[in-house]
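Hi everyone, thanks for coming. Have a look at the screen with me for a couple of minutes, and we'll walk through it together.

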There are 2 protein chains.
Amino acid sequence: MNDVNTTNDLRVLEYQANKLQELISELHNCCKERYSNEAKAFKMPQAELRCLMLFEGHKYLTGIQIAGLLEVAKSRATVIIENLEKKGMVQRSQDPNDARVKLINLTPAGQRKVREIEEFMFSLHQQLLDQIDPGQRTGVITALEALRSSMEAVKAQLA
Amino acid sequence: MNDVNTTNDLRVLEYQANKLQELISELHNCCKERYSNEAKAFKMPQAELRCLMLFEGHKYLTGIQIAGLLEVAKSRATVIIENLEKKGMVQRSQDPNDARVKLINLTPAGQRKVREIEEFMFSLHQQLLDQIDPGQRTGVITALEALRSSMEAVKAQLA
DNA sequence: TTTATATAGTTCATATAATTTACTTTATTA
DNA sequence: TAATAAAGTAAATTATATGAACTATATAAA
(Lines give C-alpha, C1' and ligand atoms only; values in the text may rest on other atoms or scores of the structure.)
Protein backbone atom coordinates (compact mmCIF):
# COMPACT_ATOMS: atom_id res chain seq x y z
CA MET A 1 0.00 0.00 0.00
CA ASN A 2 2.71 2.39 1.02
CA ASP A 3 4.75 1.38 -2.04
CA VAL A 4 1.79 2.00 -4.33
CA ASN A 5 1.29 5.44 -2.89
CA THR A 6 4.93 6.32 -3.22
CA THR A 7 5.01 5.23 -6.84
CA ASN A 8 1.85 7.15 -7.50
CA ASP A 9 3.23 10.27 -5.84
CA LEU A 10 6.32 10.08 -8.00
CA ARG A 11 4.19 9.85 -11.12
CA VAL A 12 2.21 12.90 -10.07
CA LEU A 13 5.40 14.84 -9.41
CA GLU A 14 6.79 13.88 -12.77
CA TYR A 15 3.57 14.85 -14.49
CA GLN A 16 3.45 18.16 -12.69
CA ALA A 17 7.11 18.99 -13.42
CA ASN A 18 6.55 18.33 -17.11
CA LYS A 19 3.31 20.29 -17.17
CA LEU A 20 5.04 23.20 -15.48
CA GLN A 21 7.82 23.11 -18.04
CA GLU A 22 5.37 23.11 -20.91
CA LEU A 23 3.21 25.92 -19.52
CA ILE A 24 6.11 28.16 -18.59
CA SER A 25 7.64 27.68 -21.99
CA GLU A 26 4.37 28.60 -23.70
CA LEU A 27 3.93 31.69 -21.58
CA HIS A 28 7.47 32.72 -22.37
CA ASN A 29 6.87 32.33 -26.09
CA CYS A 30 3.68 34.30 -25.87
CA CYS A 31 5.52 37.15 -24.12
CA LYS A 32 8.32 37.11 -26.67
CA GLU A 33 5.81 37.45 -29.46
CA ARG A 34 4.00 40.22 -27.63
CA TYR A 35 7.18 42.23 -27.08
CA SER A 36 8.08 41.80 -30.71
CA ASN A 37 4.64 43.06 -31.78
CA GLU A 38 4.95 46.00 -29.42
CA ALA A 39 8.27 46.94 -30.98
CA LYS A 40 6.70 46.80 -34.45
CA ALA A 41 3.69 48.83 -33.32
CA PHE A 42 5.96 51.56 -31.93
CA LYS A 43 8.51 51.23 -34.71
CA MET A 44 11.36 50.97 -32.22
CA PRO A 45 13.69 48.20 -31.14
CA GLN A 46 12.61 46.39 -27.98
CA ALA A 47 15.74 47.46 -26.13
CA GLU A 48 14.90 51.13 -26.70
CA LEU A 49 11.31 50.66 -25.55
CA ARG A 50 12.48 48.90 -22.41
CA CYS A 51 14.98 51.68 -21.80
CA LEU A 52 12.32 54.40 -22.11
CA MET A 53 10.12 52.61 -19.58
CA LEU A 54 12.90 52.75 -16.98
CA PHE A 55 12.24 56.47 -16.55
CA GLU A 56 8.88 55.80 -14.88
CA GLY A 57 9.52 57.31 -11.47
CA HIS A 58 12.99 58.64 -12.33
CA LYS A 59 13.77 62.08 -13.63
CA TYR A 60 17.42 61.27 -14.35
CA LEU A 61 19.29 58.02 -14.86
CA THR A 62 22.99 57.43 -15.48
CA GLY A 63 24.40 55.02 -18.03
CA ILE A 64 25.49 52.61 -15.32
CA GLN A 65 22.03 52.66 -13.77
CA ILE A 66 20.41 51.94 -17.12
CA ALA A 67 22.83 49.08 -17.78
CA GLY A 68 22.02 47.66 -14.35
CA LEU A 69 18.26 47.96 -14.76
CA LEU A 70 18.27 46.49 -18.27
CA GLU A 71 20.78 43.87 -17.12
CA VAL A 72 23.18 44.51 -19.98
CA ALA A 73 26.81 45.61 -20.25
CA LYS A 74 27.43 49.33 -19.94
CA SER A 75 28.69 49.47 -23.53
CA ARG A 76 25.32 48.15 -24.62
CA ALA A 77 23.60 50.86 -22.61
CA THR A 78 25.75 53.50 -24.33
CA VAL A 79 24.50 52.35 -27.75
CA ILE A 80 20.84 52.21 -26.70
CA ILE A 81 21.05 55.70 -25.21
CA GLU A 82 22.82 57.04 -28.31
CA ASN A 83 20.04 55.73 -30.53
CA LEU A 84 17.31 57.14 -28.29
CA GLU A 85 19.13 60.46 -28.35
CA LYS A 86 19.25 60.40 -32.16
CA LYS A 87 15.48 59.87 -32.14
CA GLY A 88 15.02 62.83 -29.80
CA MET A 89 13.60 60.69 -26.99
CA VAL A 90 16.29 61.38 -24.37
CA GLN A 91 19.00 63.93 -23.78
CA ARG A 92 22.35 63.71 -22.04
CA SER A 93 23.89 66.27 -19.71
CA GLN A 94 26.90 66.50 -17.48
CA ASP A 95 26.50 65.61 -13.81
CA PRO A 96 27.59 68.78 -11.94
CA ASN A 97 28.87 66.65 -9.03
CA ASP A 98 30.92 64.14 -10.99
CA ALA A 99 32.53 64.89 -14.33
CA ARG A 100 32.61 61.18 -15.25
CA VAL A 101 28.85 60.85 -15.08
CA LYS A 102 26.28 61.76 -17.73
CA LEU A 103 22.73 62.32 -16.62
CA ILE A 104 20.12 61.05 -19.03
CA ASN A 105 16.53 62.24 -19.01
CA LEU A 106 13.44 62.07 -21.22
CA THR A 107 12.69 64.89 -23.64
CA PRO A 108 9.03 65.97 -23.98
CA ALA A 109 8.79 63.66 -27.01
CA GLY A 110 10.19 60.84 -24.89
CA GLN A 111 7.66 61.55 -22.16
CA ARG A 112 4.83 61.39 -24.67
CA LYS A 113 6.16 58.09 -26.00
CA VAL A 114 6.35 56.63 -22.50
CA ARG A 115 2.73 57.58 -21.85
CA GLU A 116 1.69 55.97 -25.14
CA ILE A 117 3.51 52.74 -24.32
CA GLU A 118 2.08 52.69 -20.78
CA GLU A 119 -1.44 53.03 -22.16
CA PHE A 120 -0.84 50.34 -24.75
CA MET A 121 0.51 47.91 -22.16
CA PHE A 122 -2.23 48.66 -19.67
CA SER A 123 -5.02 48.12 -22.18
CA LEU A 124 -3.40 44.87 -23.27
CA HIS A 125 -3.36 43.56 -19.73
CA GLN A 126 -6.91 44.74 -19.18
CA GLN A 127 -7.93 42.67 -22.21
CA LEU A 128 -6.05 39.75 -20.73
CA LEU A 129 -7.84 40.16 -17.42
CA ASP A 130 -11.15 40.32 -19.31
CA GLN A 131 -10.43 36.91 -20.73
CA ILE A 132 -9.91 35.38 -17.30
CA ASP A 133 -13.03 34.17 -15.53
CA PRO A 134 -13.76 36.75 -12.77
CA GLY A 135 -13.87 34.00 -10.15
CA GLN A 136 -10.38 32.88 -11.13
CA ARG A 137 -8.63 36.24 -11.25
CA THR A 138 -7.35 36.37 -7.68
CA GLY A 139 -6.40 32.71 -7.94
CA VAL A 140 -4.32 33.34 -11.05
CA ILE A 141 -2.52 36.25 -9.43
CA THR A 142 -1.83 34.30 -6.24
CA ALA A 143 -0.53 31.37 -8.29
CA LEU A 144 1.77 33.60 -10.30
CA GLU A 145 3.13 35.10 -7.11
CA ALA A 146 3.81 31.61 -5.75
CA LEU A 147 5.52 30.69 -9.00
CA ARG A 148 7.63 33.82 -8.95
CA SER A 149 8.92 33.20 -5.43
CA SER A 150 9.63 29.57 -6.29
CA MET A 151 11.59 30.58 -9.35
CA GLU A 152 13.58 33.05 -7.31
CA ALA A 153 14.24 30.40 -4.69
CA VAL A 154 15.56 28.00 -7.34
CA LYS A 155 17.71 30.75 -8.79
CA ALA A 156 19.14 31.50 -5.35
CA GLN A 157 19.80 27.80 -4.78
CA LEU A 158 21.74 27.46 -8.03
CA ALA A 159 23.84 30.55 -7.41
CA MET B 1 -24.10 52.59 -3.29
CA ASN B 2 -24.04 51.33 -6.83
CA ASP B 3 -21.65 54.10 -7.79
CA VAL B 4 -19.32 53.24 -4.95
CA ASN B 5 -19.29 49.59 -5.97
CA THR B 6 -18.61 50.44 -9.60
CA THR B 7 -15.72 52.71 -8.69
CA ASN B 8 -14.36 50.06 -6.39
CA ASP B 9 -14.64 47.38 -9.06
CA LEU B 10 -12.74 49.57 -11.48
CA ARG B 11 -9.98 50.05 -8.96
CA VAL B 12 -9.73 46.32 -8.42
CA LEU B 13 -9.56 45.72 -12.16
CA GLU B 14 -6.86 48.33 -12.54
CA TYR B 15 -4.88 46.84 -9.68
CA GLN B 16 -5.21 43.34 -11.09
CA ALA B 17 -4.23 44.39 -14.61
CA ASN B 18 -1.11 46.08 -13.27
CA LYS B 19 -0.26 43.17 -11.02
CA LEU B 20 -0.64 40.79 -13.95
CA GLN B 21 1.66 42.94 -16.07
CA GLU B 22 4.29 43.01 -13.35
CA LEU B 23 4.15 39.28 -12.64
CA ILE B 24 4.19 38.23 -16.27
CA SER B 25 7.12 40.51 -16.98
CA GLU B 26 9.04 39.06 -14.04
CA LEU B 27 8.35 35.49 -15.11
CA HIS B 28 9.47 36.36 -18.60
CA ASN B 29 12.73 37.80 -17.33
CA CYS B 30 13.31 34.78 -15.15
CA CYS B 31 12.85 32.48 -18.17
CA LYS B 32 15.15 34.57 -20.31
CA GLU B 33 17.86 34.31 -17.73
CA ARG B 34 17.30 30.58 -17.36
CA TYR B 35 17.57 29.97 -21.11
CA SER B 36 20.70 32.05 -21.24
CA ASN B 37 22.24 30.02 -18.41
CA GLU B 38 21.26 26.80 -20.12
CA ALA B 39 23.01 27.92 -23.28
CA LYS B 40 26.15 28.72 -21.30
CA ALA B 41 26.00 25.40 -19.45
CA PHE B 42 25.77 23.49 -22.74
CA LYS B 43 28.13 25.84 -24.57
CA MET B 44 25.70 26.21 -27.45
CA PRO B 45 23.52 29.04 -28.74
CA GLN B 46 19.92 28.92 -27.52
CA ALA B 47 18.61 28.55 -31.06
CA GLU B 48 20.64 25.37 -31.56
CA LEU B 49 19.48 23.92 -28.24
CA ARG B 50 15.86 24.64 -29.12
CA CYS B 51 16.37 23.06 -32.53
CA LEU B 52 17.82 19.87 -31.06
CA MET B 53 14.83 19.53 -28.74
CA LEU B 54 12.45 19.52 -31.72
CA PHE B 55 13.57 15.99 -32.54
CA GLU B 56 11.85 14.60 -29.44
CA GLY B 57 9.32 12.26 -31.05
CA HIS B 58 10.55 12.85 -34.62
CA LYS B 59 13.12 10.78 -36.42
CA TYR B 60 13.36 13.18 -39.36
CA LEU B 61 12.49 16.83 -39.79
CA THR B 62 12.71 19.03 -42.89
CA GLY B 63 14.05 22.57 -42.94
CA ILE B 64 10.58 24.00 -43.39
CA GLN B 65 9.26 22.00 -40.45
CA ILE B 66 12.08 23.23 -38.25
CA ALA B 67 11.48 26.82 -39.32
CA GLY B 68 7.78 26.39 -38.52
CA LEU B 69 8.35 24.82 -35.12
CA LEU B 70 10.98 27.38 -34.11
CA GLU B 71 8.79 30.13 -35.61
CA VAL B 72 11.64 31.63 -37.61
CA ALA B 73 12.25 32.31 -41.30
CA LYS B 74 13.47 29.35 -43.32
CA SER B 75 16.74 31.15 -44.02
CA ARG B 76 17.31 31.24 -40.27
CA ALA B 77 16.59 27.51 -40.03
CA THR B 78 19.18 26.82 -42.74
CA VAL B 79 21.88 28.54 -40.69
CA ILE B 80 20.95 26.81 -37.42
CA ILE B 81 20.99 23.40 -39.12
CA GLU B 82 24.32 24.16 -40.79
CA ASN B 83 25.89 25.00 -37.44
CA LEU B 84 24.46 21.88 -35.79
CA GLU B 85 25.84 19.85 -38.68
CA LYS B 86 29.29 21.40 -38.22
CA LYS B 87 29.12 20.35 -34.56
CA GLY B 88 28.18 16.80 -35.58
CA MET B 89 24.79 16.95 -33.89
CA VAL B 90 22.60 16.44 -36.96
CA GLN B 91 23.04 15.15 -40.50
CA ARG B 92 21.24 15.98 -43.75
CA SER B 93 20.09 13.57 -46.43
CA GLN B 94 18.04 13.74 -49.59
CA ASP B 95 14.32 12.91 -49.38
CA PRO B 96 13.82 9.98 -51.82
CA ASN B 97 10.26 11.15 -52.54
CA ASP B 98 10.98 14.80 -53.24
CA ALA B 99 14.28 16.06 -54.60
CA ARG B 100 13.67 19.54 -53.18
CA VAL B 101 13.52 18.29 -49.60
CA LYS B 102 16.38 17.57 -47.24
CA LEU B 103 15.71 15.26 -44.32
CA ILE B 104 17.48 16.21 -41.11
CA ASN B 105 18.04 13.80 -38.25
CA LEU B 106 20.07 13.55 -35.05
CA THR B 107 23.44 11.81 -35.06
CA PRO B 108 24.26 9.60 -32.04
CA ALA B 109 26.11 12.60 -30.55
CA GLY B 110 22.98 14.69 -31.10
CA GLN B 111 20.83 12.07 -29.39
CA ARG B 112 23.13 12.05 -26.39
CA LYS B 113 23.00 15.83 -26.20
CA VAL B 114 19.19 15.80 -26.34
CA ARG B 115 19.04 13.35 -23.45
CA GLU B 116 21.41 15.54 -21.45
CA ILE B 117 19.32 18.64 -22.05
CA GLU B 118 16.09 16.79 -21.23
CA GLU B 119 17.52 15.65 -17.92
CA PHE B 120 18.79 19.11 -17.11
CA MET B 121 15.42 20.70 -17.87
CA PHE B 122 13.46 18.07 -16.01
CA SER B 123 15.55 18.34 -12.87
CA LEU B 124 15.23 22.12 -12.99
CA HIS B 125 11.46 21.93 -13.11
CA GLN B 126 11.44 19.33 -10.37
CA GLN B 127 13.39 21.75 -8.22
CA LEU B 128 10.85 24.41 -9.09
CA LEU B 129 7.99 22.13 -8.11
CA ASP B 130 9.79 21.36 -4.85
CA GLN B 131 9.71 25.05 -4.02
CA ILE B 132 5.96 25.26 -4.49
CA ASP B 133 3.86 24.37 -1.46
CA PRO B 134 2.38 20.89 -2.17
CA GLY B 135 -1.15 22.15 -1.49
CA GLN B 136 -0.69 24.89 -4.11
CA ARG B 137 0.77 22.82 -6.94
CA THR B 138 -2.46 21.90 -8.71
CA GLY B 139 -3.69 25.44 -8.19
CA VAL B 140 -0.59 26.90 -9.82
CA ILE B 141 -0.92 24.59 -12.82
CA THR B 142 -4.63 25.33 -13.22
CA ALA B 143 -3.94 29.04 -13.00
CA LEU B 144 -1.20 28.85 -15.62
CA GLU B 145 -3.54 26.97 -17.92
CA ALA B 146 -6.19 29.65 -17.46
CA LEU B 147 -3.58 32.32 -18.17
CA ARG B 148 -2.39 30.54 -21.27
CA SER B 149 -5.87 30.27 -22.79
CA SER B 150 -6.53 33.91 -21.96
CA MET B 151 -3.32 34.98 -23.64
CA GLU B 152 -4.21 32.96 -26.69
CA ALA B 153 -7.70 34.48 -26.73
CA VAL B 154 -6.24 38.00 -26.64
CA LYS B 155 -3.82 37.11 -29.41
CA ALA B 156 -6.66 35.77 -31.54
CA GLN B 157 -8.67 38.93 -30.85
CA LEU B 158 -5.85 41.20 -31.99
CA ALA B 159 -5.17 39.21 -35.18
C1' DT C 1 2.07 18.73 -72.91
C1' DT C 2 3.62 22.92 -72.27
C1' DT C 3 3.18 26.88 -69.25
C1' DA C 4 2.43 28.94 -64.97
C1' DT C 5 2.76 28.70 -60.27
C1' DA C 6 4.09 27.01 -55.90
C1' DT C 7 7.46 24.86 -52.68
C1' DA C 8 12.16 23.63 -50.42
C1' DG C 9 16.30 25.14 -49.64
C1' DT C 10 20.36 28.37 -49.99
C1' DT C 11 22.82 32.80 -50.12
C1' DC C 12 23.41 37.52 -49.14
C1' DA C 13 22.47 42.06 -47.27
C1' DT C 14 20.74 44.15 -43.37
C1' DA C 15 19.01 45.03 -38.55
C1' DT C 16 18.90 44.14 -33.74
C1' DA C 17 20.86 42.44 -29.43
C1' DA C 18 24.57 41.80 -26.57
C1' DT C 19 29.42 40.89 -24.76
C1' DT C 20 34.33 41.54 -24.23
C1' DT C 21 38.38 44.15 -24.41
C1' DA C 22 40.69 48.26 -24.51
C1' DC C 23 40.89 53.04 -23.76
C1' DT C 24 40.06 58.02 -21.79
C1' DT C 25 38.75 60.86 -18.27
C1' DT C 26 37.83 61.71 -13.67
C1' DA C 27 37.49 60.29 -8.53
C1' DT C 28 38.93 58.11 -4.55
C1' DT C 29 42.07 56.09 -1.43
C1' DA C 30 46.32 54.42 0.48
C1' DT D 1 51.31 61.91 -4.87
C1' DA D 2 50.85 57.35 -6.80
C1' DA D 3 47.75 53.50 -7.35
C1' DT D 4 43.30 52.12 -8.11
C1' DA D 5 38.48 52.26 -9.13
C1' DA D 6 34.51 54.01 -11.70
C1' DA D 7 31.81 56.13 -15.81
C1' DG D 8 31.51 56.31 -20.29
C1' DT D 9 32.88 55.30 -25.12
C1' DA D 10 34.69 52.66 -29.21
C1' DA D 11 35.61 48.67 -31.89
C1' DA D 12 35.54 43.79 -32.77
C1' DT D 13 32.86 39.81 -32.44
C1' DT D 14 28.91 36.65 -31.82
C1' DA D 15 24.04 35.52 -31.86
C1' DT D 16 19.36 36.19 -33.47
C1' DA D 17 16.44 37.09 -37.09
C1' DT D 18 14.22 38.82 -41.51
C1' DG D 19 13.49 39.58 -46.41
C1' DA D 20 14.75 39.41 -51.16
C1' DA D 21 16.75 37.02 -54.82
C1' DC D 22 17.87 32.74 -56.74
C1' DT D 23 18.10 27.52 -58.04
C1' DA D 24 15.95 23.34 -58.46
C1' DT D 25 12.02 20.66 -58.33
C1' DA D 26 6.90 19.65 -58.17
C1' DT D 27 2.14 20.47 -59.12
C1' DA D 28 -1.80 22.56 -61.40
C1' DA D 29 -4.01 24.79 -65.27
C1' DA D 30 -4.27 25.92 -70.25
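Let's start with I104(A), which lies in strand 3 of chain A, residues 102-106. Strands here are DSSP E runs of at least two residues, helices are H or I runs of at least four, and both are numbered from the N terminus. Quick housekeeping: this is a predicted model, where local features need pLDDT of at least 70, side-chain atom pairs count only at pLDDT 80 or more, and totals for chains, interfaces and linings use all residues. Residues are numbered from 1 along each chain as its sequence is written, while chains are lettered from A and ligands numbered from 1 in the order in which they are written.

So is I104(A) buried or exposed? I104(A) counts as buried, because it has 24 C-beta neighbours inside 10 Å. The cut-offs are 20 or more other C-beta atoms within 10 Å for buried, 12 or fewer for exposed, and partly exposed in between, with C-beta atoms placed from the backbone. Beyond four places in sequence, the contacts of I104(A) include Y60(A), I66(A), I81(A) and V90(A); contact means C-beta atoms, placed from the backbone, within 7 Å.

Now, the DNA. Which residues are closest to DNA strand C? There are 20 residues around the strand, and the closest are P45(A), V72(A), A99(A), G63(B) and S75(B). Near means a C-beta atom, placed from the backbone, within 6 Å of the strand. Helix 4 of chain B gives the largest share of that surface, four residues.

Definitions and conventions
Contact = placed C-beta atoms within 7 Å.
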